[in-house]
Structures are given as structure tokens and as C-alpha cells.
Amino acid sequence: MQIWVDADACPNVIKEILFRAAKRVEIKTTLVANQELQIPASPYIDAVQVRSGLDVADGYIVQHLQAEDLVITADIPLAAEVIEKGGYALNPRGEFYSKSNIRERLSLRNFMEQLRNSGVETGGPAAFNQRDREAFANQLDRFLVKHA
């Protein structure tokens with residue numbers, strides 16, 4: 001099992017949690033982004049820089065992930081592809097995407113995108129906070145105890 005991180009939009013505090021977890025449980029963790037990333041020196045942590053472009057990092061992750069891998073992403077279409085390939089998807093706010101909730105999340109995402117495209121102001125997600133960080137850390141720990 002490996003952890004993949006859709007790193008372009010991943011909050012730094014989440015990356016730090018992942019770095020500590022990778023070292024603690026000795027699990028390969030790969031950050032994928034279209035920009036250069038600073039990562040700690042560790043045999044368990046790696047970064048891949050892909051070319052710029054829409055969904056290039058997502059495509060790299062989907063192409064390389066194996067069933068049972070964990071992907072950290074807030075990108076719902078990416079999460080759907082991960083689940084389809086037999087992987088797990090956890091967003092930085094600590095919510096697991098699953099076969100039972102991904103269709104609903106995709107539908108809501110598509111609906112909100114249609115509203116925005118028609119000129120409706122929908123606002124964005126709430127600011128990332130301490131509760132989100134804790135929820136993520138707790139979910140990650142539970143997952144690693146079960147799967148690593």
C-alpha cells in the first residue's frame with residue numbers, strides 16, 4: 001500500500017501530518033504536483049513534478065495507483081476514479097469518499113459548477129481550520145492502523 005497526495009491544493013499542515021505518518025509507519029508517500037515541492041529527506045517520502053495543465057497531476061496519480069492505495073485529495077472527480085480502481089480517497093478535511101457517497105458528491109459538485117457557470121455566486125468552501133486538521137489526522141490514523 002502507498003499514499004498518493006494530490007499536492008497542488010493540499011494544505012501545508014496536512015502535508016506535515018502525512019510526512020510524520022509516513023516516517024512513523026514507514027509507508028511510501030508520494031506527493032504529485034505541477035510545481036516543485038519541498039519535502040523532508042526520508043526514504044518514505046517522494047515528490048513528482050508533472051507538467052502544468054488541467055488534471056495532469058490527477059492523471060498521473062490514477063495511472064500509477066494500485067488497488068488498496070490511499071489518495072489524499074479534495075478533487076471529487078479524482079476521488080471517483082480512485083474508488084473505481086479499488087483505492088481509497090480521503091479529503092484534507094477528514095472525509096472519506098466511498099462507493100456509497102461519491103455519486104452524491106459528484107452530482108452536487110456538477111450542480112454547483114452549473115450554477116457558477118450561469119453566473120450565480122455560490123461562494124467557496126469554508127476556511128480550513130483546526131477541527132478539519134484534527135478530523136484528517138484522526139481518519140488517517142484509523143486508516144493506517146487498519147491497512148498499514
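**Reading helix packing and strand pairing**

Colleague: Is the crossing of helix 1 and helix 5 left-handed or right-handed?

Modeller: The crossing of helix 1 and helix 5 is right-handed (the near helix is turned clockwise from the far one by less than a right angle). The model is predicted, with local features requiring pLDDT of at least 70 and side-chain atom pairs 80 or more, whereas totals for chains, interfaces and linings use all residues. Residues are numbered from 1 along each chain as its sequence is written, and side-chain values use heavy atoms, without hydrogens or water.

Colleague: At what angle do the axes of helix 1 and helix 5 cross?

Modeller: Two packed helices are described by the angle and the distance between their axes. Here, helix 1 (residues 12-25) and helix 5 (residues 130-147) have axes (lines fitted to C-alpha atoms over the stretch in contact, with angles from 0 to 180 degrees between N-to-C directions) that come within 10 Å and cross at roughly 25°. Helix 1 is therefore roughly parallel to helix 5 (under 35 degrees). Contact (heavy atoms within 4.5 Å) involves residues including Ile 17 and Leu 18 of helix 1 and Phe 136 and Leu 140 of helix 5.

Colleague: Which residues of strand 1 are buried?

Modeller: In a regular strand, side chains alternate between the two faces of the sheet. In strand 1 (residues 3-6), Ile 3 and Val 5 on one side and Trp 4 and Asp 6 on the other are all buried (under 20% relative accessible area, 1.4 Å probe, protein chains only).

Colleague: How many bridges join strand 1 to strand 4?

Modeller: Strands pair if DSSP finds at least two bridges between them. Strand 1 runs parallel to strand 4 (residues 70-72), with 3 bridges, and Val 5 stands opposite Ile 72.

Conventions. Buried < 20%, exposed > 50% of the residue type's maximum accessible area, 1.4 Å probe, protein only. Helix = DSSP H or I, 4+ residues; strand = E, 2+ residues; numbered from the N terminus. Right-handed = clockwise from strand over helix to strand, strands pointing away. Parallel < 35°, antiparallel > 145°, perpendicular 65-115°, else oblique.
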